[in-house]
Amino acid sequence: MKRILNVVGARPNFMKIAPIHRQMKQFPDSFEPILVHTGQHYDEAMSKIFFEQLQLPEPDIYLGVGSGSHAEQTAKIMIAFEKVCMEHHPDLVLVVGDVNSTLACSLVASKLHIPVAHVEAGLRSGDVTMPEEINRIVTDRLSDYLFTTEESGNTNLKAEGIPEGKIFFVGNVMIDSLVHFLPQAESSHILEELNVTQGSYALVTLHRPSNVDEKEKARQVLEILNEVQQLLPVVFPIHPRTSKNFQRFGFTEMIAHMEQLKMIPPASYLDFLKLMKHARLVLTDSGGIQEETTYLGIPCLTLRENTERPITVHLGSNEIVGMNKSRIMEALNLILNNQWKNGEVPQLWDGKAAERIVKVLKEH
Ligand code: UD1
């Protein structure tokens, strides 16, 4: 019987842990999974609604650390999580993704000689100015089980000297959740509520510090959205980081003048799946959304200079377009003229990644 702390902290963690936690619960003789929520994300719209919709149980342990600078947030999580480890003596700590909670908990576990499993290992953007890249590199270095989603992950880890025996190519747990919940998402009424129709709107998400934390960069982003919304309605569920910055920079009036821009609070999981599935295209700086659109075959323009998920570009429906307005408008025209690549679903993105992970953990 293995006691496993399954760690979540921020929004993109919830859909990754849900299928793993559910799968572990299927084997009560082998696993005692304990769900730990660091509280990195705490708003109802960023956290609770995801637990409900993903049918995750209430966290067994809630650390309530909240927001702060990177050092503050990481340190608070470490202090609180160390106490949890000392009290519960887990056999394994399982972390997902690349957020500060992922890094903090893997660091604590490894110092206490508790084995660490990292789900979504090996992804590299090559850009260490991204906080997530640092989180990914350090977490992988400390991990004992590295579960990868795409071939580039295996290659990157081997190049960094990680022994092959620690690397397990299992596929994508976020796609497990997508496959599982897509039928339910179809009954969401979000399109009617927003007065948009299938295949006729663009969906936007933007929250990377490099795009929204500086005034001039954020203005550039809005100028791009202004052009896009002149061609088709734009639905923009806005992350709290982005909305706080737009207000701080005094952009409220500029936004109000964009008639076809529908800025809405952060969407729930099921509403967001529905919005993605029926969008004409998606513009994003998220990591996960590049993968979800590839699975769904929806054209995706990534407003960044690089990606840690290259398979979404080589095989999928994603392109990296940076902040170059003319490049973005060119791509948009191709999409609206039905000249975009079709893309394929990557290997092992089949809804069964969590099964494979739990099998590996059972056998080791
Ligand atoms: C974090 C992750 C990022 C991930 C994103 C998904 C890190 C370094 N970054 O970024 O990789 O893509 O989550 O959303 O871990 N806030 C609220 N309510 C909340 C949570 C946050 O208002 O429930 C606001 C606060 O002002 C906070 C800011 O958002 O300061 C940023 O939150 P934080 O957790 O620091 O990083 P994210 O930008 O959300």
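**Ligand site briefing**

The space taken by the ligand is the largest pocket. A pocket here is an open set of points on a 1 Å grid over the protein atoms alone, with protein on both sides within 12 Å along at least five of seven lines. This is a predicted model: local features need pLDDT of at least 70, side-chain atom pairs count only at pLDDT 80 or more, and totals for chains, interfaces and linings use all residues. Residues are numbered from 1 along each chain, and side-chain values use heavy atoms, without hydrogens and water.

**Placement**
- Domain 1 (2–171 + 349–363) and domain 2 (182–336) both give residues to the shell, so the ligand lies between them.
- The protein buries 89% of the 740 Å² that the ligand exposes when taken alone (Shrake-Rupley method, 1.4 Å probe).

**Shell**
- The ligand has 19 residues around it (a heavy atom within 4 Å).
- Q40, H41, N100, E132 and R241 come nearest.
- Six shell residues are nonpolar, eight polar and five charged.
- Helix 11 gives the largest share, three residues.
- Helix 3 (70–88) and helix 11 (240–248) each supply at least two (helices are DSSP runs, H or I, of at least four residues).

**Polar contacts** (N or O pairs within 3.5 Å)
- N100 places a backbone N or O atom 2.8 Å from a ligand oxygen.
- H207 has a polar side-chain atom 2.8 Å from an oxygen atom of the ligand.
- For H239, the distance from a polar side-chain atom to a ligand oxygen is 3.0 Å.

Key
Polar contact = N/O pair within 3.5 Å; in protein donor to acceptor, adjacent residues only side chain to side chain. 1 Å grid on protein atoms, 1.4 Å probe; cavity = no way out; pocket = protein on both sides within 12 Å on 5 of 7 lines; lining within 4 Å. Sits in = over half its atoms within 2 Å of the grid points. Nonpolar A, V, L, I, M, F, W, Y, C, P; charged D, E, K, R; others polar. Domains from an automatic or database assignment.
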